[in-house]
Protein chains: 2
Amino acid sequence: MSEPDIFYILGNKVRRDLLSHLTCTECYFSLLSNKVNVSSTAVSKHLKIMEREGIIKSYEKEGTFIGPTRKYYQITFSRTYIATVTPNLFWYKGLDLHEAPEKLGKYNINLEELKLSHDNLTDMIIDFIGSNEQLSRILDALKDIESYRNWLIEEIKDIYLKEIGDMTQLAILHHLLLYNEATVDNLSDILNLKEREVLKKAEELNKFVPLIIKDGVIKIDEEALKKKSQ
Amino acid sequence: MSEPDIFYILGNKVRRDLLSHLTCTECYFSLLSNKVNVSSTAVSKHLKIMEREGIIKSYEKEGTFIGPTRKYYQITFSRTYIATVTPNLFWYKGLDLHEAPEKLGKYNINLEELKLSHDNLTDMIIDFIGSNEQLSRILDALKDIESYRNWLIEEIKDIYLKEIGDMTQLAILHHLLLYNEATVDNLSDILNLKEREVLKKAEELNKFVPLIIKDGVIKIDEEALKKKSQ
C-alpha cells in the first residue's frame, strides 16, 4: 500500500479508532462495533474500505467456546510514515519495518556540523545535501526502533495472553506502554467500560505489572518494575 | 491544526500536488490551476478546503508588472508528522518545527543496548520503556533536522530569487534538493512544461548550480559543487 492511501485511511476518526483496537487485541466484528460510537453499518463500511485498500484482512475463526465461527480482522502490514509540511518543504515517505529486529544499530547523529550561516548559494546547497544525509540516517534509526517496538509489543501480547489471558488487562497495558500513562476516564472511553470496571481491571493488571494508580491516573511503576527484575 | 486533519488533507492527490507547488514558488490561483490536471473549479474547491482547515492562507498582492492584484496562497505552519501502522502498533504524532534552528544537537542513539530475547514479562516491559526513550530522542533529532532543512531551503529560495530571479529554475533546484535527482519526464509533468523547456531551464540552472544532465536524468554534481566552494 502506498503512502497516499494510508493518509486517506488515517483521515477519518472512526477508522483510526478501529485501527487502534485492532492493534491491541484479536477483534471480531461485534467486538469492534461495540468499541466505537457509530452504527454497525458505518463500522462495516469502514472495515470494507480498509479491506479494499489492503490495510486489513479478515479471516474466519471459531469462537473460544461452542458457537458459530466469527469473522476476525487484522492489519496486514508494518510501516512507519513521515510527512513534513512547511511553507518551503513538502514531502512524505513510508518505511517498511523489519519483520524481526535482527541487529540494532548505533547511530551517532551529529547535527552540530551543519552551519547556521553561509556565504553563498554553493555553501548552502552543500549543507542542504549534508542535511539530507543526516535525515536519511535518522530515518534508518526510526525504522530500527519502530521495528523493535513492533516486535517487542507482539512478544508482550503473546506472553500476556498465554500466561494471564485477560484481553482487557492487556488492552490497558498496551495503552500504558504506548502513551506512558492514561486517565481512568480516557481508558473508560477507549475500552467502552465503566470507570469502576477500568479500575478493577487495572488492579488485576497491577498483580503482574506494577502500576501507580492515583487521582484517576494510571501509569507503570518503573522503580517497582526494576526491583522486580533484579 | 491537529494531526488527523492533516491526514485527511494529504489523502487526496490534487491537494498533495497543490501543496507541493506552494512550497517551491510564490503561487497565485491561475498559476496553481495550470500545474494540476483538474478543472479550475476543483482547484478552487481544494484550496477552500485547505484554507478552511487552516493549512494555507491567501493574501492579495499586486502582480510584478501593471495589472490587477492577485490572490496568492501559502502554507501557514511547519510540522513533521509520524504515523506507525502495524498489526501490533498504531500511533501518530505531529512535531512543531522550530522557527529558526538556533542550536543543533548531537544525538548518540545506541540501539545495541536493547535486548533481542527476554526471560520474562517484566524484562520485556523494561526494554519497551527503554525503546520509547530512544524513539523520543530519534524524534527530537528528526525535529531538529527538519527545522534546519526548512530554514535552509527558505534561505536558498530567497537568495536564488534575489540573485537569479527565475521561478522555474528554482522549482527544478527545489525538486533536486528534496529528491537528489529527477527525470526530465517527471519534471515536465510536475512543472507542466515540455521536455525541451525543462532541459533549457536545467541548462540555465547549471550555470549557477553544477548539474549532471545525462540520459534524461538530472542531478546535482556534488563534486563540482565542492570544487566551486573551495
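A polar contact here is a pair of N or O atoms within 3.5 Å; within protein, one must be able to donate a hydrogen and the other to accept it, and residues adjacent in sequence count only if both atoms are side-chain atoms.

**Ground rules**

I'm working from a predicted model, where local features need pLDDT of at least 70 and side-chain atom pairs count only at pLDDT 80 or more, while totals for chains, interfaces and linings use all residues. Residues are numbered from 1 along each chain as its sequence is written, chains are lettered from A and ligands numbered from 1 in the order in which they are written, and side-chain values use heavy atoms, with hydrogens and water left out.

**Entry: helix α2 of chain B**

I started with the beginning of α2(B), where a side-chain oxygen of B:Asn12 comes within 2.9 Å of the backbone nitrogen of B:Val14. Helices (H or I, at least four residues) and strands (E, at least two) are DSSP runs, numbered from the N terminus. I then checked the length of α2(B), residues 13–24: at 1.5 Å a residue, its twelve residues should span 16 Å, and the end C-alpha atoms are 17 Å apart, which agrees. The expected span is 1.5 Å times one less than the number of residues.

Next I looked at burial, where buried means under 20% relative accessible area, exposed over 50%, and partly exposed in between (1.4 Å probe, protein chains only). Nine of the twelve residues of α2(B) are buried, so I noted the helix as mostly covered. Among them are B:Arg15, B:Arg16 and B:His21.

**Entry: chain A overall**

I count nine helices and nine strands in chain A. Its C-alpha atoms fill a box of roughly 75 × 50 × 35 Å along the principal axes. Of its 230 residues, 51% are buried. Taking contact as heavy atoms within 4.5 Å, I looked at pairs in chain A at least 6 apart in sequence: 51% of those contacts join residues at least 24 apart.

The chain is split into domain 1 (6–75), domain 2 (82–155) and domain 3 (165–229), with bounds from an automatic or database domain assignment. The C-alpha centres of domains 2 and 3 of chain A are 33 Å apart.

**Entry: helix α6 of chain A**

I ran the span check on α6(A), residues 167–179, too: 13 residues at 1.5 Å each should give 18 Å, and the end C-alpha atoms are 18 Å apart, which agrees. Ten of the 13 residues are buried, so α6(A) is largely enclosed by the rest of the structure. The buried set includes A:Gln169, A:His174 and A:His175.

What caps the N-terminal end of α6(A)? I found A:Asp166 there, with a side-chain oxygen 2.9 Å from the backbone nitrogen of A:Thr168. Just after the helix, A:Asn180 has a positive phi of about 70°.

In chain B, I found B:Asn180 in the loop between α6 (167–179) and β7 (181–183). B:Asn180 has a positive phi of about 70° as well, although it is not a glycine. It is partly exposed, at 48% relative accessible area.

**Entry: the three-stranded sheet of chain A**

I traced an open, antiparallel sheet in the order β7-β9-β8 of chain A. β7 (181–183) and β8 (211–214) are its edge strands, each pairing on one side only. Neighbouring strands are turned by 15° against each other on average, direction ignored. Two strands pair if DSSP finds at least two bridges between them; β8(A) and β9(A), residues 217–220, have four bridges in the antiparallel sense. One partnership I noted is A:Leu211 with A:Ile220 of β9(A).

A:Asp215 sits in the loop between β8 and β9 of chain A. Its phi is near 50°, positive in a residue other than glycine. At 72% relative accessibility, A:Asp215 counts as exposed.

Two helices lie across this sheet. α7(A), residues 184–191, crosses β7 and β9 of chain A at about 80° to β7(A). α8(A), residues 195–206, lies across β8 and β9 of chain A, at about 150° to β8(A). Axes are lines fitted to C-alpha atoms, for helices over the stretch in contact, and angles run from 0 to 180 degrees between N-to-C directions.

**Entry: two residues of α5 in chain B**

Is B:Glu146 buried or exposed? B:Glu146 is buried, at 0% relative accessible area. It belongs to α5(B), residues 121–163. Its side chain makes a polar contact with that of A:Trp91 at 2.8 Å. Leaving out residues up to four places away in sequence, B:Glu146 also touches A:Thr84, A:Leu135 and B:Leu97, among others.

B:Ile126 lies in α5(B) too. At 21% relative accessibility, I logged B:Ile126 as partly exposed. With the residues up to four places away in sequence left out, B:Ile126 touches A:Leu225, A:Lys226 and A:Ser229.
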